[in-house]
Amino acid sequence: MTGPSGPATAETLYRSVRDRFAEAGLATPDLDASLLIDYAAGLTALDRLRDPACPVSDAAVVETEHCVKRRLAGEPAHRIIGAREFYGLALDLNPSTLVPRPDTETLVDLVLPAVRDCVARTGACSVLDLGTGTGAIALAILAAEPDATATATDISAEALQAALSNAHRNELSNRFDAVRSDWFAEIAGQYDVIVSNPPYIRSAEITGLDAEVREHDPRIALDGGGDGLTAYRAIAAGAIDRLKTNGVVGIEIGHDQNADVTKLFEEEGFRKIAEMQDFSGHDRAILLMK
């Protein structure tokens, strides 16, 4: 990774990496190159704009090349850098967490009005986030509403470590608690809002997922059982006793699961009061009230 007439500069390094990614057919060569150079060489996009001729150390070039090889081998850029932004928050990842995706921000957008309405009525809002992973959903709600508190659950102790670390990183620890639990098994008390992005991919469809998802996201966070609805059944059955009066459940769904998930919750005494599509126009989140 040297320029045409000498050692690498910020601009030649970026162009070299971007072009290699483009030639390999990666979907977002510009973004991936920017992320990895920021991580490996400490050069942000703003740094490159301000001083494109800034020399890059040999050590930074070597580290960048190591990251490039991992990316070209199929490892997602956010896995390589171990972090992802979600709803404006910087979140650390580990092997037991999903990489938070922009589509899940749809769930936050759907739930926030109910959270704020609860605060307006009662002065506070308690949130239960089931299967929290990085803590993304709960922490986004807390960052947007200072009078909300959240309890986050996950069956994975390693995932909960990431969630607690992310709460600390984003200065939200004082309103965030984590409990290791298989859905509601270790949860007591009632909450104003329950949220979840549960596993909802049908088991038979896992092998057909993009390799970057199939090989790098934890299967337990993807596999929703034979019909993709296993987690929804557990949440629908348990949520009714864990919600306060006027409480709501906000849940992410697969693009073709709106009717099936709604029916499961209706059978447990809920009614759907809102839904929202993602950036591609697919059904992505529903809001239900008991």
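**Close-up views of a predicted model**

**View 1. N246, a residue of strand β7.** N246 sits in strand β7, which covers residues 243–252. Keep in mind that this is a predicted model, here and in every view below. Look at the backbone: N246 is not a glycine, yet its phi is positive, at about 70°. Is N246 buried, partly exposed or exposed? With a relative accessibility of 47%, N246 counts as partly exposed, because the exposed class starts only over 50%.

**View 2. E171, in the loop between α8 and β5.** Here we're in the loop that links α8 (157–169) to β5 (176–180), and E171 is part of it. E171 has a positive phi too, near 60°, and it isn't a glycine either. How accessible is E171? Its relative accessibility is 71%, so E171 counts as exposed.

**View 3. Helix α1 from end to end, with G25 just after it.** Helix α1 takes in residues 10–23, 14 residues in total. What span should those 14 residues have? At 1.5 Å a residue, the answer is 20 Å, and the C-alpha atoms at the two ends of α1 are indeed 20 Å apart, so the two values agree. Just past α1 comes G25, with a positive phi of about 85°.

**View 4. The buried side of helix α1.** Which residues of α1 are buried? They are A10, L13, Y14, V17, R18 and F21. These residues lie on the same side of α1, because they cover an arc of only 120° around the axis. The general pattern behind this is that an α-helix has 3.6 residues a turn, so residues three or four places apart point the same way. What do the buried residues of α1 pack against? Their partners are three other helices: α2 (29–41), α3 (45–50) and α4 (58–72).

**View 5. C118 and C125, two cysteines without a disulfide.** How many disulfides does the model have? The count is 0. For C118, the nearest cysteine sulfur belongs to C125, 3.9 Å away, and C118 is in no disulfide. Seen from the other end, C125 has the sulfur of C118 as its nearest cysteine sulfur, again at 3.9 Å, and C125 is in no disulfide either. Why doesn't the pair count? A disulfide needs the two sulfur atoms within 2.5 Å, and the 3.9 Å between C118 and C125 doesn't meet that. Are these cysteines buried or exposed? C118 counts as buried because its relative accessibility is 3%, and C125 is buried as well, with a relative accessible area of 1%.

Notes:
Residues are numbered from 1 along each chain as its sequence is written. This is a predicted model: local features need pLDDT of at least 70, side-chain atom pairs count only at pLDDT 80 or more; totals for chains, interfaces and linings use all residues. Side-chain values use heavy atoms; hydrogens and water are left out. Helices (H or I, at least four residues) and strands (E, at least two) are DSSP runs, numbered from the N terminus. Buried means under 20% relative accessible area, exposed over 50%, partly exposed in between (1.4 Å probe, protein chains only). The expected span of a helix is 1.5 Å times one less than its number of residues. The arc is that of the directions from the helix axis to the C-beta atoms. Contact means heavy atoms within 4.5 Å.
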